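Colleague: Before I accept any label in this model, I would like to hear the reasoning behind it. Could you take me through it one step at a time?

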Amino acid sequence: MKMIFNGYPSEDLIEKGTISFANWSDWGLLCFDTTADYKNNNYPIVLWDHRSL
């Protein structure tokens, strides 16, 4: 919860449909991509990098 709400600004992550759950070394954040319509909430995991903004 701390990573989701106290990390990068929500307009960079949550409002774009990505929910972070782990750091991937110094590469970026691992996130669930909730923009895809998946059954049973099995959302794909994507790597989010702050440089890709």
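Modeller: Let us begin with the words used for the elements: helices are DSSP runs of at least four residues, strands are DSSP runs of at least two, and both are numbered from the N terminus. Please keep in mind that this is a predicted model. By that definition the chain has one helix and three strands, and they follow one another from the N terminus as α-β-β-β.

Colleague: Where is the place of Tyr 43?

Modeller: Tyr 43 is placed in the loop between β2 and β3. Around Tyr 43, leaving aside residues up to four places away in sequence, there are contacts with Phe 32, Asp 33, Thr 34, Ala 36 and Tyr 38. Tyr 43 and Phe 32 are eleven residues apart along the chain, and their C-alpha atoms are separated by 5.9 Å.

Colleague: Why is Tyr 43 called partly exposed?

Modeller: A residue is buried under 20% relative accessible area and exposed over 50%, with partly exposed in between. Tyr 43 has a relative accessible area of 24%, so it counts as partly exposed.

Colleague: What makes Trp 27 exposed?

Modeller: The relative accessible area of Trp 27 is 53%, and because exposed begins over 50%, Trp 27 is exposed. Trp 27 is found in the loop between β1 and β2. When residues up to four places away in sequence are not counted, Trp 27 touches Leu 47, Trp 48 and Asp 49. The C-alpha atoms of Trp 27 and Leu 47 are 8.2 Å apart, although these residues are separated by 20 residues in sequence.

Colleague: Why is β2 described as largely enclosed by the rest of the structure?

Modeller: Five of the six residues of β2 are buried, and therefore the strand is largely enclosed by the rest of the structure. Phe 32, which has its place in strand β2, is at 33% relative accessibility and so counts as partly exposed. For the chain as a whole, 25% of the 53 residues count as buried.

Colleague: How do you know that β1 and β2 pair, and in which sense do they run?

Modeller: Two strands pair if DSSP finds at least two bridges between them. Six bridges join β1 to β2, so this condition is met, and the two strands run antiparallel. Within this pairing, Ser 20 stands opposite Cys 31 in β2.

Colleague: What makes β2 and β3 a pair as well?

Modeller: The reasoning is repeated here: β2 and β3 are joined over four bridges where at least two are needed, so they pair, again in the antiparallel sense. Leu 30 stands opposite Leu 47 in β3.

Colleague: Why is the aromatic pair called stacked?

Modeller: The structure holds one aromatic pair. The ring centres of Phe 21 and Phe 32 lie 4.6 Å apart and their planes are at 25 degrees, so the pair is stacked, since ring centres have to lie within 6.5 Å to pair and planes under 30 degrees apart count as stacked. Phe 21 belongs to strand β1 and Phe 32 to strand β2, so the pair ties together parts that are eleven residues apart in sequence. Phe 21, with a relative accessible area of 37%, is partly exposed.

Colleague: Which residues form a nonpolar patch on the surface?

Modeller: The patch is formed by Ile 19, Phe 21, Phe 32 and Ile 45, which together have about 330 Å² of accessible area. The accessible surface of the chain comes to about 4,200 Å², and 54% of this belongs to carbon and sulfur atoms.

Colleague: What makes the phi of Asn 41 worth a remark?

Modeller: Most residues other than glycine have a negative phi. Asn 41 is a residue other than glycine, and its phi is positive, near 60 degrees. Asn 41 lies in the loop between β2 and β3, and with 54% relative accessibility it counts as exposed. Ser 25 also takes a positive phi, near 50 degrees, in the hairpin of β1 and β2, which has three residues between the strands.

Note on methods
Residues are numbered from 1 along each chain as its sequence is written. This is a predicted model: local features need pLDDT of at least 70, side-chain atom pairs count only at pLDDT 80 or more; totals for chains, interfaces and linings use all residues. Side-chain values use heavy atoms; hydrogens and water are left out. Buried means under 20% relative accessible area, exposed over 50%, partly exposed in between (1.4 Å probe, protein chains only). Accessible areas come from the Shrake-Rupley method with a 1.4 Å probe; for residues, only the protein chains shown count as cover. Patches are made of residues with over 30% relative accessible area and no salt bridge: like charges are joined within 9 Å, nonpolar side chains (Val, Leu, Ile, Met, Phe, Trp, Tyr) within 5 Å. A salt bridge is a side-chain nitrogen of Lys or Arg within 4 Å of a carboxyl oxygen of Asp or Glu. Contact means heavy atoms within 4.5 Å. Rings of Phe, Tyr and Trp (its six-membered ring) pair if their centres lie within 6.5 Å; planes under 30 degrees apart count as stacked, over 60 as edge-to-face and the rest as tilted.
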